[in-house]
Amino acid sequence: MGTCGIAAGAEATRDAVDRELEQRSLAGEAGRVGCMGMCSFEPILELHAAGSPYMVYGRATAEAVPGIFAAYLEGTSLQQGVVVGEGRPVFTRSNGSALESLSLVDPETGDPIPFHRKQVRVVLSNCGLIDPESVDDYLAVGGYEALETVLAMDAEQVVDTVIRSGLRGRGGGGFPTGRKWQLARSTERWPKYVICNADEGDPGAFMDRSVLEGDPHAVIEGMAIAGYAIGAAVGYVYCRAEYPLAIRRLEGALAAARELRLLGRDILGSGFDFDIQVKAGAGAFVCGEETALMASIHGERGQPWPRPPYPAVAGLWDQPSNVNNVKSYAFVPRIVRQGAAWFRSLGTEGSPGTAVFALSGMVNRTGLIEVPMGITLHDVVFDIGGGIPGGKQFKAVQTGGPLGGCLPAANLDTPVDFDSLTAAGSVMGSGGMIVADETTCMVEFATYFLRFACDESCGKCPPCRIGSLRMLEILERITAGRGRPDDLDRIRHLAGGMQQGSLCGLGQLTPSPVLSVLRHFEDELWAHITEGRCPAAACQKLVRSPCVSACPAGVDVPAYLALVAQGRRSEALAVHREANPFAMICGRVCPAFCEDVCRRGQIDEPIAIRHVKRFMADHEFAEPWTPPRLAPSKDVRVAVVGAGPCGLTTALRLAQQGYRVTVFERMPEPGGMMTYGIPSYRLPRAPLFAEIDHIRRAGVEIRCGMQLGTDFTIKSLREDGYAAIVLALGAHRSRSLNIDGEDKDGVYHGVQMLRDVASDQLPDLSGKRVVVVGGGDTAMDAARSARRLGAEEVRVVYRRTRDELPAIREEIEGAVEEGVVFDFLVTPVAVLGDGSVNAVRLQRQSLGNFDSSGRRRPVPIAGSEFDLPCDVLVPAIGQITWLDDDSLRARQAGTIDIGKAFELGDVPGVFAAGDAVSGPATVVQSVAQGNQVAITVRHWLETGELGGVYYRPVRHDIAQLYDPQDYAESRRPEPGMLSVEERLAGRDFSEVERVLDAAAIEEECKRCLRCDLEWLQRIGEPMP
Amino acid sequence: MTTNSGVETMNVTLTVNGRRVVAPEGSTILEAARSAGIRIPTLCHHPDLSNVGSCRICVVSVDGTSGLQTACTAPVQAGMQIDTESEAARATRRFVLEMLLTDHPNECMICEVNGDCELQELVYEYEVPWPEPGGARHAFAVDPDPNPFIVIDRNKCILCTRCVRACAEIQNRDVWGIAHRGFESRLVAGADEFLLDARCESCGQCVAYCPVGALYDKMSLGRARVNKVTRVPTTCSYCGVGCSLDLNVRDGEVVRVTGIPEAPVNGMALCVKGRYGYDYVHHPDRLTAPLVRAALLSAEHLDARLANGEWQVTAVPDDRSPDEEITPDTFIATDWATALDVVAGRFADEKEAHGADAFAVFASAKCTNEENFLFGKFARQILGTNSIDHCARL
């Protein structure tokens, strides 16, 4: 019964157990133990009747107790509470009842429960096992044996034992404990002091409290051993006053130990005198810093003093002192009892032993855990913690508390030990571990910790006192959308000054969380600064609504939903087109990032935003749009190379600003990948070409069949008087598999297949066995097209698992419906056949370490090769760009290298954007880039300056004219689809998805919770 | 630094900026460097006060240690290799100054200590630009305390705590302290009360040790900028301790009194009288010539000297105007020779008439030891009485 168990109702549970025992006339007793660390299950009840197993129940509230008794004794099914696991008897409690080990097993299978499987409990081994208020219980588990052993040893030997164990300070610094003791021992001045640092101030961290509340004697014993080792007679426990139960239990334990002559004069007749007093801290985080802690014991203001001299030389009352963390002391009796070699057998070479963490945040099983050093972050978060709730994506884990750092998915394989975490850019710290999921804004995350550190700065030295506030001001500005382009440099400057200049660890480490976000999530910072967008949709002042934040183009979703709801479809469409001219196209093919984050989705289903978009756009089909001219015509010509979504958007925006824009397109038709990459069963030609016509109507001239490098060059465009040239070449060249036999007949790249289909040169795949390699949208489109082209069997082989498939959900589902078969965890290693393909040799894969995208890397399984017969092999593993002009440089990855403002470094007036730069992206992402390129080019044309301007879409405030309560029960409509037979009959590529009707759409729009109105009310000011 | 008493102090040899320096064990890097004539800039350090290492200006690089160390607190060790001007040290000093400026008023032009400000000097030396506007700045009320001698402007305070330590360690009054924490930290008297309610005896030590213009002498406001005054060293006339002080004189007028760091008796310390009790100097009531009652002067001399203007009739102590008729009690401002003649003559007359024991002599604590010694001689040998006493016995 630790503080948190009591807060969860453990006292009431115990009363209920007493009542239940009385009612059932059972001769039993309700005991009390420390915290088991299973926060998510509190309160916890362990039941044992003679001859029956030891059962541990979670969420055992007072109301649940009768049911739990009935379940335990009579085998009824549990209505309230859950079975956590079954314990195994180990030895006998002082009062006669048997103790059970805390490594609980699943009663069904007998296997350790997942929460315990990878834990090794050393310092927590007694927590939850013994009654912390009973010294007899502690003695029964071998307590004070170590002290007795030590008193018969030479003090030097004791220090040597701790040195050999390799124990490093568990407060977070990781300084070798034995060496610290040796320094204090070798300083020849008396008196000396032993100080236990229990000023655990990290938010969300409660390791030390749990040890003090659950096993206080272990700390006392460790301190007494330290006192003997360094030659001290007086110990202090500096415990924060916010831990009243810990202080009470500690005081009780001290009294009990004194009573047994385990403390005081002449301990156990050895002649060694040692006693401990408790000093309650007054709530300053900085007092966890050892010199500030000692100043506080002095009765002075809790502020650090500079070192050297170190406490081992001049500490408390200017005398030699040894300061260690609670856990460091608690480890010592175990090390003495079980030997330095045993301790070294746990953990890693550089960080022996175990580490205790308070696992919290976005993780299924929060709690207090103890793991061997060297376990990976992945094992902690996913195996012990049970992964991320609600099927969300893991984003980062913060270790080391508010002065630590965060690590992204790519670092999930990092071993948890002092040196590895430091190398990865975080720190071990005292044991806080906070998990962030995809809905966490890392900028806000870092700001939270920075605000804490800023509040807790003691104010003694200027770098921390003022620097932390200046940094906080910048971050608060960024999270409010008022960031400036030089802010990151400013943050780095402040961080460097604070790290180098601050007096103590608090100031030196305050920038750490911010720097780790800068290191791992710089893009997210830039999105805030340049676009005023919070990608995680978390920053209150930026997030007008999650959907707007999630949309790469920043389309004002709530505004057009509200307008459609009122039947004002033309206005709605105009709102959409301000940010994205391709409403009909995106209404069909957009992955709808907006729907993934829609708040309505947390209640039932997200608003069918894409369907609404499609409806409102299709409805205006008959009224061709002429994009408005926003500035007078200028006699300035701009060339755009590539008529894909990025090039067309760039051209449109520049034309709207009065520029004379010509688009050069290699293919016979404009549209780029929209035309030649997306099959018409998803995107029919009519809406596609209608929307391209809108752009022509804006005054843009599109010249098709013009190949860069052949029909014209950058040089010729310049000679023709184009003031600016934007290369939006796209990425059309299929990546090669780089395996043997790839040149055989029957190897038919997905990109080529889709291009042939779009050009009405339908290949005949009747009766063919087709194997598609890849897991993206192109692979899905190729597979589904192959089915339409008559292929008898279509298999998709993908090197990871279904969970990692990058294609959009609708495509995967469509492919499965249409009979496409998936083979996961395989990758082709050779194409077989004489002249033409007859099989592909595949090798099985397993998932290994995490890569920079946070996905697990496929690792080949040697000897697992097998042959899959096939007639057509369709590689679709990604595309690179296609370059043919001497003035351009291409990176190895097949993308064009550009500067911060899309410029091609050495060629003034030439810009590059789109897939050719970023790699394959969605239509809406290309549109977003086009908007940004257009404003950049325009700024350059007008001022000669590169960069510094950012596209920020206009926001609209549309009134809500209905009572949202009326739509609380409405559910998301799903449009009809062509049946699979209809889709596959007669090489037909007609559109699969149908449009919803007006009534359904208007009803659907009113399901919108209008988060934007809440934002307006909350912020009360226009967008920055 | 704490050293064990009874242990003989040894010297250690270290290297500072490539120069070999020998310093006593237990001394700080700062002391060692200064003894060798190597300057390390400081702000919160003062040789009279304990070291706290808070301002971070004196940071230096020490080979073989990570990070910088504050020279004012780090003890010397044999073989240390110290670079006081390393890039990191200079960058840190510059950063600290930049941070201080982001919360400091840009008021040097109207600041009392312009030209006599340690922050200003360092900012100038390190060429720290005025930081861009924006961000929180303190806006405390200026001169919120009714203490008649000390002005407080917390906006200029850099929280070096020199005033706190001067008050505690030199004056033993513990008036000043720091309240709150982080950016909200501020200098307070007692439990955030007025100085005089917080045991302040207005000695002004805090003002003397303030490196900036946060604490200043109220009587000198607007009058005593360092470049406008001439400092005239003198000995305090209030008591026999013999404190040295500088009269800060501007246009023939004392506008401020400051201590003299090198003064053997008092250093920079003064008491409220020595530091602030100088307004009598230019007081209109101050006696500037010996006054003798008319009855004691020969009528002949009196008429002649009043006529030629050598002597004047004074109104003191009566309320009468100088035009009124001279009575025997009227004070005449005479010259020293005349006045001393009158006194000597009367002493001689009295001694002859009543004997030496008719005299009792009372000496003043405001006299120097030498003067009091002479006074004793005068009583015993000239007057012939042992009845001499001193006001300090009161």
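Which residue of β5(B) stands opposite B:Val62? Keep that in mind for Exercise 1.

This is a predicted model, in which local features need pLDDT of at least 70 and side-chain atom pairs count only at pLDDT 80 or more, while totals for chains, interfaces and linings use all residues. Residues are numbered from 1 along each chain as its sequence is written, and chains are lettered from A and ligands numbered from 1 in the order in which they are written.

**Exercise 1. Work out the strand pairing around β3 of chain B.**

Step 1. Start with the opening question: B:Val62 stands opposite B:Ile82 in β5(B). Strands here are DSSP runs of E with at least two residues, helices are runs of H or I with at least four, and both are numbered from the N terminus.

Step 2. Now add B:Ser61, whose bridge partner in β5(B) is B:Asp83. β3 (residues 59–62) and β5 (residues 81–83) of chain B run antiparallel and are joined by two bridges. Two strands pair if DSSP finds at least two bridges between them.

Step 3. Turn to β4(B), which pairs with β3(B) in the antiparallel sense over three bridges. Here B:Val60 is opposite B:Gln69. The hairpin of β3(B) and β4(B) has five residues between the strands, and B:Gly64 in this hairpin has a positive phi near 85°.

**Exercise 2. Lay out the whole sheet and find its edges.**

Step 1. Write the order: β2-β1-β5-β3-β4 of chain B, an open sheet of five strands with mixed pairing.

Step 2. Look at the ends. β2 (19–24) and β4 (68–70) of chain B each have a single partner strand, so one side of each lacks a neighbour in the sheet.

Step 3. Add the twist, which averages 40° from one strand to the next. Angles run from 0 to 180 degrees between N-to-C directions, and axes are lines fitted to C-alpha atoms, for helices over the stretch in contact.

Step 4. Place the helix: α2(B) packs on the sheet, where α2(B) touches β3 and β4 of chain B, and its direction makes about 160° with that of β3(B). Residues are in contact if their C-beta atoms, placed from the backbone, lie within 7 Å.

**Exercise 3. Describe how chain B meets chain A.**

Step 1. Count the residues: chain B gives 28 to the contact and chain A gives 27.

Step 2. Sort the side of chain B by element. β4 and α2 of chain B are the elements that give two or more residues, and α2(B) has the largest share, six residues.

Step 3. Sort that side by class: 14 nonpolar, eleven polar and three charged residues. Nonpolar covers Ala, Val, Leu, Ile, Met, Phe, Trp, Tyr, Cys and Pro; charged covers Asp, Glu, Lys and Arg; the others, Gly among them, are polar.

Step 4. Follow α2 (residues 87–101) of chain B to helix α20 (residues 487–501) of chain A: their axes come within 9 Å and cross at roughly 110°. α20(A) and α2(B) are therefore roughly perpendicular (65 to 115 degrees; under 35 is roughly parallel, over 145 roughly antiparallel and the rest oblique).

Step 5. Name the residues of this contact. α20(A) supplies A:Gly497, A:Gln500 and A:Gly501, and α2(B) supplies B:Ala88, B:Thr92, B:Phe95 and B:Val96. The contact residues divide into three nonpolar, four polar and no charged.

**Exercise 4. Locate the cis peptide bonds listed here for chain A.**

Step 1. One joins A:Trp190 and A:Pro191, with omega about 0°. A:Pro191 lies in the loop between α8 (177–186) and β6 (193–198) of chain A.

Step 2. Another runs from A:Pro308 to A:Pro309, with omega near 0°. A:Pro309 lies in the loop between α12 (290–297) and β9 (321–325) of chain A.

Technical notes: Contact = placed C-beta atoms within 7 Å.
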